Amino acid sequence: MRTAVVVGAGIGGLAAAGALARAGWQVTLLERADRVRPGRTALVLWPNGIRALRALGLGDGLDAIGTPLGETGVRRPDGHWLVQPRPMAAHRGPVVVHREDLHDALIAGLGDQVDIRTGIRVDDVRTGGTERPAVTAGRQSFAGDLVVAADGTDSAVRARLAPESAVVSSGCTAWRAVIPWYRAPQDIAGRVGGETLGAGYRFVAASLGERGSSGGSTRGGVYWVATAAGAPRPEPPATQLGLLRRWYAGWPAPIADLLDATEPDDLVQQEVRELRPLPKAYAYASGPGGVVLLGDAAHAMPHHLGQGACLAFEDAATLAGAVRDASTGLPLRRAIEGYDRERRPRAATMVRQTRRMSAVLQTRGRLALRARDAALGQITPRLLGSAASTAAQWRPPA
């Protein structure tokens, strides 16, 4: 039986491990934490991410937990619409999912062929020659015909194989929260959706289900993301929440209402980081197979276009399709080379689009801000439209 070692039990690692197991691989899934746990917030899955999950055989679960994004639009802090709000098609538009619900669906898709090992902190990888690729964690070693590095932005595997690719700050910090329905403002229905862009600041909000009924999810509410230029704040969550309320004071409704309904324990702060440059390769042949990079280990980028999770699912679907019928040896090595050829240009294009959006959001200096604000009404719709079109072009491999 073909064997695989998947490093990292985030959403990309879970998706890849489940897909390989369903194709008949014996999979060992390694997680550095003491247990496999989900995030506490939510995420938006765009059409490419949805298609990837369906290609992975997880479409039914997604239908049960996803909430259509609904109406979208882009405003400035003074309330002026840069992109007029418009409804998204419920059957082919983006959906919002709680990370815990998505995690449950991915865990259910693992089946019986995945051996999960927790508390394993991988620190090295072995490739080359005729030996099977392997990763080590202290004195422990885990070898397989295929090693999938899905161990996130700080990937130890990537650090060994692609040392030229460094993790750097994107110059901003994000705060996320899900406000449960019982604390959400009573009149919030119809007022949530779209985003507001300012000088170095951004606020996005979306509904998770409907009040009183969250569909297949037991975790409905309102999900929001606030992004601000600068480093993470060292203060406790209550102080951070006070800063957010001050920074976004005077922004269009319902931003103030959402922040007022948020409690410190809801808040999740995260420094926004990225890889510069991207790795020169996403596949490294070794013995009967090799090592591939997947998700943030391959292409960590700012979250401005909401494509991090979507690209991870694209990676998993592409990898699963490439190796599904590949026997060990030359066929498997050629399969992972095909994965590399497919994924690197795609990731580079999306990263380029994301960095363009970062430049718009992080404009500094009085004169530059005036010029940016004067052109924002034309730049932002064009940029967002181009990025959305690029993301939507992806289709699962035949």
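## Exercises on cores and helix packing

The largest nonpolar core has 79 residues, and Leu45, Val135 and Phe313 have the most contacts inside it. The largest share of this core, nine residues, comes from helix 9 (residues 308–323). The model is predicted.

**Exercise 1.** State which residues Phe313 touches, leaving out those up to four places away in sequence.

*Solution.*
- Start with Ile11 and Ala15, both touched by Phe313.
- Add Leu45, Gly49, Ala52, Leu53 and Leu56.
- Finish with Leu102 and Leu106.
- Beyond this core, a second, separate core of 22 residues includes Trp175, Val222, Ile255 and Leu259.

**Exercise 2.** Decide how helix 1 and helix 4 are oriented to each other: roughly parallel or roughly antiparallel?

*Solution.*
- Take the geometry. Helix 1 (residues 11–22) and helix 4 (residues 99–108) pack at about 20°, with their axes 9 Å apart.
- Apply the cut-off. Angles under 35 degrees count as roughly parallel.
- The two helices are therefore roughly parallel to each other.
- Add the handedness. Helix 1 passes helix 4 in a left-handed crossing.
- List the contact. Ile11, Leu14 and Ala15 in helix 1 meet Arg99, Leu102, His103, Leu106 and Ile107 in helix 4.
- Sort by class. The contact has six nonpolar, one polar and one charged residues.

**Exercise 3.** Classify Arg356 as buried, partly exposed or exposed.

*Solution.*
- Locate the residue. Arg356 lies in helix 10 (residues 330–361).
- Read the relative accessible area of Arg356: 46%.
- Buried means under 20%, exposed over 50%.
- Arg356 is therefore partly exposed.
- Place Arg356 against His304. They are 52 residues apart in sequence and 9.8 Å apart in space, C-alpha to C-alpha.

Notes
Residues are numbered from 1 along each chain as its sequence is written. This is a predicted model: local features need pLDDT of at least 70, side-chain atom pairs count only at pLDDT 80 or more; totals for chains, interfaces and linings use all residues. Side-chain values use heavy atoms; hydrogens and water are left out. A nonpolar core is a set of buried Ala, Val, Leu, Ile, Met, Phe, Trp, Tyr and Cys residues joined through side-chain atoms within 4.5 Å. Buried means under 20% relative accessible area, exposed over 50%, partly exposed in between (1.4 Å probe, protein chains only). Helices (H or I, at least four residues) and strands (E, at least two) are DSSP runs, numbered from the N terminus. Contact means heavy atoms within 4.5 Å. Axes are lines fitted to C-alpha atoms, for helices over the stretch in contact, and angles run from 0 to 180 degrees between N-to-C directions. Angles under 35 degrees count as roughly parallel, over 145 as roughly antiparallel, 65 to 115 as roughly perpendicular and the rest as oblique. A crossing is left-handed if the near helix is turned anticlockwise from the far one by less than a right angle, and right-handed if clockwise. Ala, Val, Leu, Ile, Met, Phe, Trp, Tyr, Cys and Pro count as nonpolar, Asp, Glu, Lys and Arg as charged, and the others, Gly among them, as polar.
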